[in-house]
Structure formats: structure tokens, C-alpha cells
Amino acid sequence: MSIQLIRQAFNGNRPPPKMWRSHELKEQYDVVIIGGGAHGLACAYYLAKEHGITDVAVLEKSYIGAGGSGRNTAIIRSNYLTPEGVRFYNDSVKLYEQLSDELNFNVMFSQRGHLTLAHTDGGVNTMRRRAEVNQIEDVDSRLIFPDEIKSLCPSLDVSDHPRYPILAALYHPPGGIIRHDAVVWGYAHQADVRGVHIHQNTEVTGLKVQDGKVTGVETSRGHIKTGTVLNATAGWASTITAMVGIDLPLTTIPLQACVTEPLKPFLDVVVVSGSLHVYISQTDRGELVMGASVDPFSSYSMAGSLTFLEGIAGHVLELFPSLSHVRILRQWAGICEMPPDYSPIMGFTPINGFLIDVGWGTYGFKASPIAGKTLAELIATSKTPTLIAPFRLSRFEENDLVGEKGAAAVGH
Amino acid sequence: MLLLTCPNCGDRNVSEFHFGGELSSRPKDPSALSNAEWANYLYMRNNVMDAQTEWWHHNAGCGLWFLAERHTRTNEVIKTYPYAKRDA
């Protein structure tokens with residue numbers, strides 16, 4: 001990274017070349033990925049880099065990173081509840097740790113530590129269980145108590161004055177935040193360099209299926225012939241899958257977040273409270289990024305609401321009373337397709353050649369590298385990698401769900 | 001959507017209501033279902049980006065469970081009515 005910087009400084013070649021190019025839509029591609037977010041672009045990158053499959057189109061109806069990849073609160077962690085989940089997200093954290101070097105682009109991954117607060121006995125028990133599962137899977141994660149919480153985060157009110165006093169916390173040192181746009185752009189650039197076609201403003205309007213096999217994709221810019229299609233459209237996943245006549249166990253619900261005016265640096269951990277439905281971190285610019293749980297009813301609308309803002313402000317002040325004069329700069333919403341067990345759905349479907357990477361609910365961004373990598377392997381070898389076998393679509397009729405609600409419902 | 005019309009109580013703030021998910025039909029003969037059909041009833045959803053018929057519960061009011069037709073892209077409520085008055 002640094003040598004590249006020095007070289008750029010001396011070669012006079014600025015502004016830097018375009019990070020990805022525009023192309024005419026070809027008539028045929030080996031693989032078509034629907035959805036130009038971090039997942040779709042990561043999959044395209046690993047297909048090209050690790051499997052030599054470069055005849056790939058990534059179709060994005062808006063600009064790349066316009067959906068969940070650019071709307072999440074950029075938290076990365078692996079302290080989940082089920083062994084399957086912990087193993088999967090931990091491999092993702094490991095890939096994120098190497099990502100700046102891998103993509104030759106600074107994604108600003110700051111592993112500043114992640115605190116999940118518990119305010120009830122039930123909450124403490126869940127944290128204890130998560131810590132045990134995490135440690136068995138070799139993830140740095142442990143239960144800590146108010147004295148240590150105070151030393152890690154002095155501005156937090158750990159007294160017994162609040163309505164929900166802090167009893168303990170799950171401390172996860174490798175957790176942190178990242179620059180999510182950089183992840184999208186880095187993957188896009190490296191996929192583009194290897195010959196992947198990124199088509200922005202290209203909306204999928206239909207899918208062609210013959211004899212139970214995918215044969216083509218209809219788009220707003222014309223028809224594409226292909227035998228392999230990956231649906232990586234997150235919140236819109238059901239609308240794409242409906243084009244081949246499959247229902248998914250998903251309900252699309254908005255998730256809102258907001259950001260405050262910049263403050264002097266005071267918060268160098270990520271703080272999450274499941275009971276208070278809030279998570280908060282301070283960016284390198286000093287702004288506080290805050291989010292809550294999903295909205296109370298399903299919708300594809302990305303409008304923000306005052307109800308959300310009132311709720312989150314009250315909850316943040318329970319934790320940080322000193323923030324009472326801080327102003328909110330802006331708020332936004334993204335849409336999340338929630339599966340019943342809070343675990344993703346990845347891999348094959350009853351339609352031959354139609355693959356899914358969906359069910360990412362409120363925890364998709366942190367899985368981008370490993371989701372892309374494992375799905376690239378699945379596409380290249382036609383075999384499901386062991387790591388994602390628990391997340392197959394058929395688990396619902398096999399009654400083999402991966403219940404992750406205790407660690408994924410709020411604690412991003 | 002800030003207001004929802006309860007068939008009993010009229011226009012009320014949406015915060016008085018609890019969302020009950022999209023309307024689905026119960027299996028007629030549950031003991032005859034295969035695992036796939038059970039999974040279909042329990043978990044699979046249409047999740048449309050369009051007008052959707054769905055359940056609402058006026059839990060901070062009269063307690064009625066009723067149906068609403070709402071567009072899930074715009075949140076525009078087309079109509080609300082009691083379950084008994086649905087088109088069967």
C-alpha cells in the first residue's frame with residue numbers, strides 16, 4: 001500500500017485512472033450476478049482471481065453500493081451464537097483483516113473492540129453462552145463486568161442509576177468498523193481489472209427458464225444468454241426469485257440509522273445494547289453512527305421516520321447522558337430481507353443454474369468477503385463448500401434451522 | 001404511513017397497531033402435508049413489492065385483528081376491513 005502511494009505521488013499520473021469501466025452489454029456471459037453490492041462484486045472478484053472465470057457480468061439497477069452495502073453501520077464482528085455462524089463470520093473477519101493488501105485499496109478496517117452490553121440476567125446468560133461458543137471456535141471473546149467496561153469506555157454510564165443498569169458485556173477485541181464504500185469500490189476495481197463487466201443502471205426485468213434450467217436474463221438494456229445466475233440482491237431478493245417462480249422464507253423490513261455532528265474523539269469501541277435496541281460507534285471524522293433494530297412493519301420504502309429518531313435518541317442517552325446536546329446530521333434507511341432464523345440462505349435452488357445469496361437481514365455487509373469467496377467456489381466447482389452447507393435453502397423443509405436471533409437481532 | 005384506519009375505531013396513529021404479516025391460507029388437512037408443504041406454510045412468503053393483503057392488530061385500542069391492503073413500496077394504505085368481509 002505505502003509503496004503504491006509513494007509511486008503515485010511521483011509519477012504525476014493524477015487523478016488516478018477510473019476504478020472501473022463501462023461496457024456494452026454482451027449477448028452472452030458465463031456467469032451473471034444480479035446485484036452490484038459488496039456481495040456480488042466480491043463473488044465476481046473471487047471468481048476471476050481464484051477460479052479464472054472472468055466472463056462475468058455484475059448487473060446493478062442503480063449505482064454500485066447503492067443498497068445495503070452503502071447504508072449499513074459498517075460494523076464487523078464474529079461473536080455469534082451458533083458454531084456454524086461463528087465459524088463463518090470469523091473467516092469473514094480474517095479476510096477483512098487482509099483486504100487492504102488484497103485489493104491494494106485502503107478499506108480503513110479499525111479493529112477497535114466491540115462491546116455488547118447486557119442489562120438483565122437473561123442477557124448476561126446469553127452473553128456467557130456466546131463467549132463459550134466463541135472461545136471453542138477460537139474467537140477472542142469474553143464476558144467482562146462494569147469495572148472493566150468503564151476502563152474501556154469511560155463515557156458510558158455504568159452506575160445503577162439508569163432504568164436498565166449495565167450488568168456485564170461481551171467483549172470482542174477483533175470487532176470494529178470499516179469504510180464500507182471502500183470495500184465496494186475495491187472489489188469493483190479488482191474485478192474490473194480482471195475482466196469482469198460491471199453494468200450500472202441495468203435493471204433485471206425477467207429471467208428465462210427452460211426445462212427447469214436458467215437460460216437467460218432480461219434487462220432494461222437487453223437480453224443476456226447465460227447458464228448461471230446468482231441472485232445477490234439482499235432486500236429485493238424476493239422480487240428477483242419470484243421471476244423463476246420460487247418463494248423464499250423472507251420478509252423485507254426497513255432498518256434505519258443516523259449520524260450526529262462531528263465530536264472530538266471520545267469513543268474508541270463499538271457499543272451495542274440488545275435490550276435498548278441500539279448500537280453506536282464513532283467514525284474517524286468524529287461523527288457518531290447509530291442504528292437500531294428493524295422497523296415495526298414490512299416495507300420496501302426507504303423513508304426515515306421521526307418515531308425511529310425519538311426512540312434511538314432516548315436509548316443512546318440512557319447509555320451516554322453526556323450526549324444530550326449533540327445534534328443529528330442526517331438519517332437514512334436500508335431494506336433488509338429477514339429470514340425466520342436470522343441466518344443467511346446461500347447456494348442451490350430447485351432451478352438448475354439459479355443460485356441465491358440472500359437472507360442477509362441486518363448482518364450481510366460483515367459477511368461480504370466470505371460470502372463472495374464461498375459462492376465463487378460453489379459456482380466454479382458445482383459443490384457446496386462445507387462452511388456454507390448449514391445455510392442451504394432446503395434446511396427449512398429438513399427442519400434444520402440455524403437459530404441466530406440471540407446474536408443477530410440487534411447486535412450488529 | 002402515519003395513520004391506519006381501524007374498522008372499529010377509525011383513523012389512529014400507526015404506533016397503536018401491531019403488524020401481523022402477510023395473509024396466508026391455512027392448510028385444509030394438516031396431517032396430510034409433506035415436509036415441503038409444511039415448510040411452505042410456515043416459512044415461505046410472497047414478500048411482494050406491490051399491494052399486499054396483511055394482518056394488523058389494534059393492540060393499543062379495541063384489540064381487533066383485521067386486514068389491510070397496503071402498497072409495500074409507498075406504504076399507501078388502499079383499504080382496511082374486518083377478516084369476515086374479505087373476498088373468500
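**Cores and sheets in a predicted two-chain model**

User: This is a predicted model, so which residues touch the most other members of the largest nonpolar core?

Analyst: In this predicted model, the largest nonpolar core holds 125 residues. Ranked by how many other members they touch, the top ones are A:Ile33, A:Leu41, A:Ala44, A:Val56 and A:Val271.

User: And which element gives that core its largest share?

Analyst: Look at chain A, residues 38–51. That stretch puts nine residues into the core, the largest share, and the element is helix α2.

User: What does A:Ile33 contact, leaving aside neighbours within four places in sequence?

Analyst: Among its partners are A:Val56, A:Ala57, A:Val58 and A:Leu59. A:Leu230 and A:Ala232 are also in contact with A:Ile33. The rest of the list is A:Gly40, A:Cys43 and A:Ala44.

User: How many residues are in the second, separate core?

Analyst: Both chains feature here: its members include A:Phe297 from chain A, plus B:Phe19, B:Phe66 and B:Ala68 from chain B. The count for this second core is nine residues.

User: Switching to sheets, which strands of the β9-β10-β11 sheet in chain A stand at the edges, and why is one side of each left without a neighbour?

Analyst: The sheet is open and antiparallel, in the order β9-β10-β11. Two of its strands have a single partner strand each, so one side of each has no neighbour in the sheet. Those edge strands are β9 (204–210) and β11 (222–225) of chain A.

User: Which residue stands opposite A:Leu207?

Analyst: β9(A) runs antiparallel to β10 (residues 213–219) of chain A, and six bridges join the two. Across from A:Leu207, in β10(A), you'll find A:Val217.

User: What about chain B: how much does its four-stranded open sheet twist from one strand to the next?

Analyst: The order there is β3-β4-β5-β6, paired antiparallel. β3 (18–22) and β6 (77–82) are the edge strands, each pairing on one side only. From one strand to the next, the twist averages 30°.

User: Within that sheet, which residue stands opposite B:Trp56?

Analyst: Strand β4 (residues 51–57) and strand β5 (residues 65–71) of chain B run antiparallel, joined by seven bridges. Opposite B:Trp56, in β5(B), is B:Phe66. The second core also includes B:Phe66.

User: Last one: is B:Glu16 buried, partly exposed or exposed?

Analyst: B:Glu16 is in the loop between β2 (10–13) and β3 of chain B, and touches B:His58, B:Ala60 and B:Gly61, not counting residues up to four places away in sequence. Buried takes 20 or more C-beta neighbours within 10 Å, and exposed takes 12 or fewer. B:Glu16 has 17 inside 10 Å, so it counts as partly exposed.

Note on methods
Residues are numbered from 1 along each chain as its sequence is written. Chains are lettered from A and ligands numbered from 1 in the order in which they are written. This is a predicted model: local features need pLDDT of at least 70, side-chain atom pairs count only at pLDDT 80 or more; totals for chains, interfaces and linings use all residues. Two strands pair if DSSP finds at least two bridges between them. Axes are lines fitted to C-alpha atoms, for helices over the stretch in contact, and angles run from 0 to 180 degrees between N-to-C directions. A nonpolar core is a set of buried Ala, Val, Leu, Ile, Met, Phe, Trp, Tyr and Cys residues joined through C-beta atoms within 7 Å. Two residues are in contact if their C-beta atoms, placed from the backbone, lie within 7 Å.
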